[in-house]
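Dear colleague,

Please find below the structure that I am handing over to you. I would be grateful if you would look at it before reading the notes beneath.

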Amino acid sequence: MNRTEQKERLSDVLDMIKDLKEELANKISDVDVAFKKIDDLGDTLYNIVQVDEWDDEELKKNVIKAILEESYMMETRDLLYDFKSDLDSYMSEISENRQEKLEERYAELEEVIEKFEIGEDDDSIESVIERVEEAEDVIKQMKK
């Protein structure tokens, strides 16, 4: 996988990230409406039967998780993981000097891949978009 191929693959990842960010941004207002309804339902349940077991925060996290599972989030992670696997294979075929240069260029690749994991702490679309943008910035630096 020469440098041109690496740049092309990273460009594909960046295109998918752009689509992911747009997709998530379009969900923000729907999520806000859903969260308001969850809060209202919790209030209503409490007023009717004094329910103490209603966990609206857990339900909200499940909503976010479901949205992320249906988005380009996992596809982007898989694309990056495939890139890393191919890069690892390529590195076994090149000189030690070239390996060191590639290891330096892609030193943060594993952390970037982790940013596309769906976590239990994801509690807003905005925080996920912020995390994706951080990964995007690092990928742009790798592509230079």
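The notes below describe a pair of helices, an aromatic pair and one residue of a helix.

This is a predicted model, in which local features need pLDDT of at least 70 and side-chain atom pairs count only at pLDDT 80 or more, while totals for chains, interfaces and linings use all residues. Residues are numbered from 1 along each chain as its sequence is written, and side-chain values use heavy atoms, with hydrogens and water left out.

The axes (lines fitted to C-alpha atoms over the stretch in contact) of helix H3, residues 73-91, and helix H4, residues 96-105, come within 10 Å and cross at roughly 160°. H3 and H4 are therefore roughly antiparallel to each other (an angle over 145 degrees). Leu87, Tyr90 and Met91 of H3 make the contact (heavy atoms within 4.5 Å) with Arg98, Gln99, Leu102 and Glu103 of H4. By class, these contact residues are four nonpolar, one polar and two charged.

H3 also contributes to an aromatic pair (ring centres within 6.5 Å) formed by Phe83 and Tyr106. The arrangement is edge-to-face (planes over 60 degrees apart), with 5.5 Å centre to centre and 70° between the planes. Phe83 lies in H3 and Tyr106 in the loop between H4 and helix H5 (109-114), 23 residues apart. Both Phe83 and Tyr106 are buried (under 20% relative accessible area, with a 1.4 Å probe and protein chains only).

Thr76 is also found in helix H3. Thr76 is buried, with a relative accessible area of 0%. Leaving aside residues up to four places away in sequence, Thr76 touches Val13, Met16, Ile17, Leu20 and Phe116.

Yours sincerely

Terms used. Axes are lines fitted to C-alpha atoms, for helices over the stretch in contact, and angles run from 0 to 180 degrees between N-to-C directions. Helices (H or I, at least four residues) and strands (E, at least two) are DSSP runs, numbered from the N terminus. Angles under 35 degrees count as roughly parallel, over 145 as roughly antiparallel, 65 to 115 as roughly perpendicular and the rest as oblique. Ala, Val, Leu, Ile, Met, Phe, Trp, Tyr, Cys and Pro count as nonpolar, Asp, Glu, Lys and Arg as charged, and the others, Gly among them, as polar. Rings of Phe, Tyr and Trp (its six-membered ring) pair if their centres lie within 6.5 Å; planes under 30 degrees apart count as stacked, over 60 as edge-to-face and the rest as tilted. Buried means under 20% relative accessible area, exposed over 50%, partly exposed in between (1.4 Å probe, protein chains only).
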